[in-house]
Amino acid sequence: MAEYSIFMQYDAQDKIYVASIPELQGCMAHGETKEQALKEIDIAKELWIETALEDGEEIPQPHLFNDMAV
């Protein structure tokens with residue numbers, strides 16, 4: 001499965017970490033810890049892709065940080 005960049009931020013009001021994958025519109029998850037948020041975003045990514053395939057939609061390729069120099 002493709003590796004996508006994951007953005008994570010802390011929501012101080014709800015005291016949770018929120019993770020999202022920009023290429024997969026609406027693909028977000030949260031957790032009380034960074035580790036939990038990462039586990040949840042992996043599940044959300046799989047479900048997002050599975051649903052898109054069932055609906056005959058194109059799966060965006062990862063691209064956000066692919067062109068960065070190391």
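This is a guided tour of one predicted model, moving from the whole chain to the sheet, the helix and the core. Local features are taken at pLDDT of at least 70 and side-chain atom pairs only at pLDDT 80 or more, while totals for chains, interfaces and linings use all residues. Residues are numbered from 1 along each chain as its sequence is written, and side-chain values use heavy atoms, with hydrogens and water left out.

**The whole chain**

Begin with the protein chain in cartoon view, where one helix and three strands can be found, in the sequence pattern β-β-β-α; helices (H or I, at least four residues) and strands (E, at least two) are DSSP runs, numbered from the N terminus. Of its 70 residues, 29% count as buried, where buried means under 20% relative accessible area, exposed over 50% and partly exposed in between, with a 1.4 Å probe and protein chains only. A surface view shows about 5300 Å² exposed, 50% of it supplied by carbon and sulfur atoms, the areas coming from the Shrake-Rupley method with a 1.4 Å probe.

**The sheet**

Next select the three strands, which form an open sheet in the order S1-S2-S3 with antiparallel pairing; two strands pair if DSSP finds at least two bridges between them. Strand S1 (7-11) and strand S3 (28-31) stand at the edges with a single partner strand each, so one side of each is left without a neighbour in the sheet. From one strand to the next, the twist averages 25°, with axes fitted as lines to C-alpha atoms (for helices over the stretch in contact) and angles running from 0 to 180 degrees between N-to-C directions.

Zoom in on S1 and strand S2 (residues 16-20), which are joined by five bridges in the antiparallel sense. Here Met 8 has Ala 19 as its bridge partner in S2, and Asp 11 has Ile 16. The two strands form a hairpin with four residues between them, and it is worth selecting Lys 15 in that loop. Most residues other than glycine have a negative phi. Lys 15 is not a glycine, yet its phi is positive, at about 55°, and its relative accessible area of 57% makes it exposed.

Moving to the other side of S2, four bridges join S2 to S3 in antiparallel fashion, with Ala 19 opposite Ala 29 in S3. In the loop between these strands select Gln 25, which counts as exposed at 72% relative accessibility. Gln 25 lies 9.1 Å from Trp 48, C-alpha to C-alpha, with their positions 23 residues apart in sequence counted as the separation.

**The helix and the core**

Show side chains along S3, where Ala 29 and Gly 31 point to one face and are buried, while Met 28 and His 30 point to the other and are not. Leaving aside neighbours within four places in sequence, Ala 29 is in contact (heavy atoms within 4.5 Å) with residues including Tyr 17, Val 18, Ala 37 and Ile 41.

Now add helix H1 (residues 34-54), which packs on the sheet and touches S1, S2 and S3, its direction making about 150° with that of S3.

Finally, select the largest nonpolar core, which has twelve residues, among them Tyr 4, Ala 19, Leu 24, Ala 29, Ile 41 and Ile 59; such a core is a set of buried Ala, Val, Leu, Ile, Met, Phe, Trp, Tyr and Cys residues joined through side-chain atoms within 4.5 Å. Its largest share, five residues, comes from H1.
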